[in-house]
Structures are given as structure tokens and as C-alpha cells.
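Subject: Structure handover

Hello,

The structure you asked to take over is below. My notes on it follow.

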Amino acid sequence: MTSMDMKLIKMISDHYWIKHEGTFDKIEFKGRTFYNKYEKIPKMLTQALIDQHLKKQITIAHSLINQFNKVENIVIDYNGTDPQRFYHKAQLLLREEGFINFTAFETKTPGHLHVYIHKGHTTLQEAIQLGKMISMKLAAKQPKQWRMFPADDLPLEYNILNLPYEVYAKERGASWSKHM
């Protein structure tokens with residue numbers, strides 16, 4: 001994967017998260033306890049770090065929500081068994097809903113995908129609502145084997161995703177979309 005492919009994501013790069021073997025942090029959120037394996041590093045995410053991640057020497061994640069509670073991407077984290085079928089159905093739905101810029105990336109686990117829907121500066125609440133709407137419409141067409149990010153049922157420290165490893169598919173459409 002090239003640095004140009006990574007630029008498709010428009011990642012927040014003023015900090016990053018690094019995964020530790022054991023539990024790093026304990027978080028209480030809405031009456032639930034989360035055990036975090038990721039440590040927030042308040043330094044710039046550099047190409048050298050991304051290269052180490054791609055070589056699987058370290059595991060790095062990026063935040064989806066910036067310090068102003070804005071979101072650049074809504075992400076479908078697919079963890080099912082048939083990525084081709086899922087991507088085809090998701091692609092048709094996203095086009096139908098007017099989302100024209102989206103990219104699917106392969107994750108560390110074979111068959112799992114992260115579909116980044118490039119939405120641009122969107123408020124956190126709007127991104128969560130759009131994610132729920134997309135998820136509901138996808139669930140009408142196939143069994144639910146995914147999570148949507150950002151999510152309001154997770155603390156901010158969990159609204160992160162590992163950097164992807166390979167581009168699965170990308171789509172760039174026309175400028176007449178109703179969601180632009």
C-alpha cells in the first residue's frame with residue numbers, strides 16, 4: 001500500500017494509538033467497563049511509523065473523531081465471511097444513498113474489511129446518525145456482520161481503527177451527490 005492510498009482516508013495525524021500486548025487502561029463509560037489495549041501517543045503519525053505498521057512490526061490505530069468533534073469518515077467494520085458479497089451490496093447501497101467517495105481496505109484478518117465513507121467535515125452526531133441509517137439499510141439486505149464507526153455506545157478511546165494494510169476497492173463518483 002502506498003502513501004497515496006493512505007491519504008484517501010484523511011486520517012487525523014496529530015496523534016496516534018499504539019497497541020500493547022496486555023491491558024493498558026481501564027475506562028468506565030455509561031455503566032460499562034472497557035479494558036483498552038491502546039495507548040494514545042500525542043506525536044505526529046509519520047510515514048516511518050506507518051511503514052512499521054505495514055510490515056506488522058507494530059500495530060497502530062488512528063482516531064476517527066478530531067478535537068473539534070468532527071468526523072472525516074464514517075466506517076463500516078465488516079467482520080463476516082464473504083467480503084465480496086458484502087462489498088457489492090454495500091457499494092450498491094452507498095451509491096443509491098448518494099455517497100460517491102468510499103474506499104474499502106483489507107485489515108490484518110483475511111476477509112475482514114474497513115469501508116471508509118468519505119464524508120468530509122461532519123459533526124459527530126450527524127456521522128453517528130448516518131452510520132445507523134446505513135447499518136439499518138444494509139441489515140435489511142443481509143445478516144449483520146459489521147459495526148459502524150463512530151459509535152455513540154463506545155468511549156472516544158474506542159472510536160479508533162487500526163491502520164489498514166491493503167486497498168480492497170475504491171470508488172470516486174460525480175459531484176452531484178445529495179450528501180456532499
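Strand S6, residues 70-78, is joined to S9 by four bridges, and the two strands run antiparallel. Across this pairing, Asp77 is placed opposite Arg147 of S9. Please keep in mind that the model is a predicted one.

S6 and S9 belong to an open sheet of five strands with antiparallel pairing, and the order is S9-S6-S8-S7-S11. Its edge strands are S9 (146-149) and S11 (166-171), each of which pairs on one side only. On average, neighbouring strands in this sheet are turned by 20 degrees against each other, with direction ignored. Helix H4, residues 124-139, packs on the sheet and touches S6, S9 and strand S8 (113-123). The direction of H4 makes about 140 degrees with that of S8.

In general, strands of a sheet pair through backbone hydrogen bonds, either parallel or antiparallel.

The other sheet to look at is also open; it has four strands in the order S4-S1-S5-S10, again with antiparallel pairing. Strand S4 (38-41) and S10 stand at the edges with a single partner strand each, so each has one side without a neighbour in the sheet. Here the average turn between neighbouring strands is 35 degrees, direction ignored. S5 and S10 are joined by three bridges and run antiparallel. Within this pair, Ser63 stands opposite Ile160 of S10.

Two residues are worth a closer look, and His118 comes first in these notes. His118 is found in strand S8. Is His118 buried or exposed? It counts as buried, because its relative accessibility is 15% and the limit for buried is under 20%. The side chain of His118 makes a polar contact of 2.8 Å with the side chain of Asn73. Leaving out residues up to four places away in sequence, His118 touches Leu8, Ile9, Glu72, Asn73, Asn101, Phe102, Thr103 and Arg172.

The next residue is Lys132, which has its place in helix H4. Lys132 counts as partly exposed, because its relative accessibility is 42% and that class lies between the 20% and 50% limits. Its side chain is joined to the side chain of Asp152 by a polar contact of 3.2 Å. Lys132 and Glu97 are 35 residues apart in sequence; in space they are 13 Å apart, C-alpha to C-alpha.

Now to the open and enclosed spaces. The largest pocket holds about 580 Å³ of space. It is lined by 24 residues, and those closest to its centre are Tyr38, Asp77, Ile160, Leu161 and Asn162. Two of these names have appeared above: Asp77 stands opposite Arg147, and Ile160 stands opposite Ser63. Which strands supply at least two residues each of the lining of the largest pocket? They include strand S3 (32-36), S9 and strand S10 (160-162). S10 gives the most, with three residues.

As for enclosed spaces, there are two cavities of 30 Å³ or more. The largest cavity has a volume of about 40 Å³. Its lining is made up of Ile9, Lys10, Met11, Ile12, His62, Ser63, Leu64, Glu72 and Asn73. S5 and S6 each supply at least two residues of that lining. Ile9, Glu72 and Asn73 are among the residues that line this cavity, and they are also among the residues that His118 touches.

Last, some backbone details. Most residues other than glycine have a negative phi, and most peptide bonds are trans. The peptide bond that joins Phe149 and Pro150 is cis, with omega about 0 degrees. Pro150 lies in the loop between S9 and S10.

Lys30 is a residue other than glycine with a positive phi, near 50 degrees. It lies in the loop between strand S2 (25-29) and S3. Lys30 is exposed, because its relative accessible area is 63% and exposed means over 50%. Lys56 also has a positive phi, near 60 degrees, and is likewise a residue other than glycine. Its place is the loop between helix H2 (47-54) and strand S5 (60-63).

Regards

Terms used:
Residues numbered from 1 in each chain as written. Predicted model: local features only at pLDDT ≥ 70, side-chain atom pairs only at ≥ 80, totals over all residues. Heavy atoms only, no water. Pairing = 2+ DSSP bridges. Axes fitted to C-alpha atoms, helices over the stretch in contact; angles between N-to-C directions. Contact = heavy atoms within 4.5 Å. Buried < 20%, exposed > 50% of the residue type's maximum accessible area, 1.4 Å probe, protein only. Polar contact = N/O pair within 3.5 Å; in protein donor to acceptor, adjacent residues only side chain to side chain. 1 Å grid on protein atoms, 1.4 Å probe; cavity = no way out; pocket = protein on both sides within 12 Å on 5 of 7 lines; lining within 4 Å. Points joined across faces, edges and corners; volume = space filled by probe spheres on them.
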